[in-house]
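Grab your viewer and a notepad. Here are a few packing exercises, each with a worked solution.

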Amino acid sequence: MNAVWIVDDDRSIRWVLEKALAREEITYKSFGTAAEVLAALETTTQPPRVLLSDIRMPGESGLTLLSKVKARFPHMPVIIMTAYSDLDSAVAAFQGGAFEYLPKPFDVDQAVELVRRAIEESGHQAGTEEVLSAVPEILGQAAAMQEVFRAIGRLSQSHATVLINGESGSGKELVARALHRHSPRRDSPFIAINTAAIPRDLLESELFGHERGAFTGAQTMRRGRFEQAEGGTLFLDEIGDMPAELQTRLLRVLSDGNFYRVGGHQPIKANVRVIAATHQNMEDRVRQGLFREDLFHRLNVIRLRLPPLRERREDIPPLAKHFIALSAQELGVEAKRLSEGTLKYLQSLDFPGNVRQLENLCHWLTVMAPGQTVEVADLPPELKDQPTREQPANWGDALMAEADRAITQHPGEVFDRLSRDFERILIRRALAATGGRRIEAAQLLGIGRNTITRKIQELGLEEPDHA
């Protein structure tokens, strides 16, 4: 019996996987198209235990193959591979019942480990209708963004409350909209409100509405955001800054599902999914007494961490090209081209305003850059003067320079200082790559789960544990 069937129109990908599986003594069979696989399934008496399929191939796509395989073999784990790592592909794969979503280029050892897990898996949930869109709503090929895509895919049939953590401008509302668009509530309203932007004395009325005559100026009855979002999703942005008295009312709604308009006496049933977002460290807000702990736990059912742009630098070129094209389309002009030097320079910047800052920059360049090809000299002065993160030609040389500096400045402490810095950097980067999941970060580093937990405590790394 061939335990694994591989389908990919790229012969080199098939060859790499075949060699890796053979090395691990896992039997396999390879195909170049979905049609070949479907034909083989019609005649075989021993279907594979795992199917490993590319998503884009001549003829039928991997998603179509996934749908047909799941209809006939609902418990067969199907791993979807793709070089086009976008949100819609991830969501469609998971909604179709995929066991896992594997973006290319992938680490061969990790791919083999994923196949082993799939072989051991007894089954997977039934397939659901595919949801596809011509244009992805969120761009990102970085590992941390792939974790976000996977989470959205896994939540696509859920009504669970979600708390999104991320810096300003990192795209929290975009993720909230994606969660709504790929949820069972997609056909009902998505209502967004920034709880930090509305005056404290008006926020209660904004959220819950008011009856006529409830206060001076209330000439008519007004429906609040909860009523406007009936059957859909209410997005509460900057929830960490919500006033304490409103936190109590929100807690009551989340607890019993009912609320009252300001000045009202009749309870109103709230059929609303709440997605909240904040740039704040909510645990710190709770410790400081600025946010109710019981409300925090009500909101923190599912937590997503959205990485800042500096943790996903490989996404800067595709994002910049996308925003440049979008700006040109909006203005009705020819799209400008970012030179390779400009793209590399942009990748070296920290972008404290994150994706929003990059988008604004691309609008500026579309209007202000003199030529069709944008060079570094064409960037705004504040960006040209910004310190960049230079990549040393050889990290060993950089380490030698740092060791020489430490020997001069901190004799007797060099080994301990540099060892701790080294471990801190490795663990932080591994956590960033896995979206804060400690078990997977430990696997990437080749250390044990207990070791990474102990090191995080010793080194003072306060990364949220999603494991």
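The exercises below deal with a predicted model.

**Exercise 1.** Find the largest nonpolar core and work out which helix gives the most to it.

*Solution.* Start with the size: this core has 46 residues, and Leu51, Ile152, Val175 and Leu179 are those with the most contacts inside it. Next, look at the helices: H4 (residues 87-95) gives the most, with 6 residues. Then check the domains: the core takes at least three residues from domain 1 (4-134) and at least three from domain 2 (150-305). Finally, zoom in on Ile152: leaving aside neighbours within four places in sequence, its contacts are Leu87, Val91, Ile138, Val175, Ala178, Leu179 and His182.

**Exercise 2.** Decide how H4 is oriented relative to H6.

*Solution.* Take the geometry: H4 and H6 (residues 143-154) pack at about 40°, and their axes are 8 Å apart. Angles under 35 degrees would count as roughly parallel and 65 to 115 as roughly perpendicular, so H4 is oblique to H6. The crossing is right-handed. On the H4 side, the contact is made by Leu87, Ala90, Val91 and Phe94; H6 brings Phe149, Arg150, Ile152, Gly153 and Arg154.

**Exercise 3.** Is Val274 buried or exposed, and what is it in contact with?

*Solution.* First, place it: Val274 sits in strand E11 (residues 273-278). Its relative accessible area is 2%, and buried means under 20%, so Val274 is buried. Now for the contacts: beyond neighbours within four places in sequence, Val274 touches Thr161, Val162, Phe226, Leu234, Leu236, Leu254 and Leu299. Take Leu234: it's 40 residues from Val274 in sequence, yet their C-alpha atoms are 5.0 Å apart.

Terms used
Residues are numbered from 1 along each chain as its sequence is written. This is a predicted model: local features need pLDDT of at least 70, side-chain atom pairs count only at pLDDT 80 or more; totals for chains, interfaces and linings use all residues. Side-chain values use heavy atoms; hydrogens and water are left out. A nonpolar core is a set of buried Ala, Val, Leu, Ile, Met, Phe, Trp, Tyr and Cys residues joined through side-chain atoms within 4.5 Å. Buried means under 20% relative accessible area, exposed over 50%, partly exposed in between (1.4 Å probe, protein chains only). Helices (H or I, at least four residues) and strands (E, at least two) are DSSP runs, numbered from the N terminus. Domain bounds come from an automatic or database domain assignment. Contact means heavy atoms within 4.5 Å. Axes are lines fitted to C-alpha atoms, for helices over the stretch in contact, and angles run from 0 to 180 degrees between N-to-C directions. Angles under 35 degrees count as roughly parallel, over 145 as roughly antiparallel, 65 to 115 as roughly perpendicular and the rest as oblique. A crossing is left-handed if the near helix is turned anticlockwise from the far one by less than a right angle, and right-handed if clockwise.
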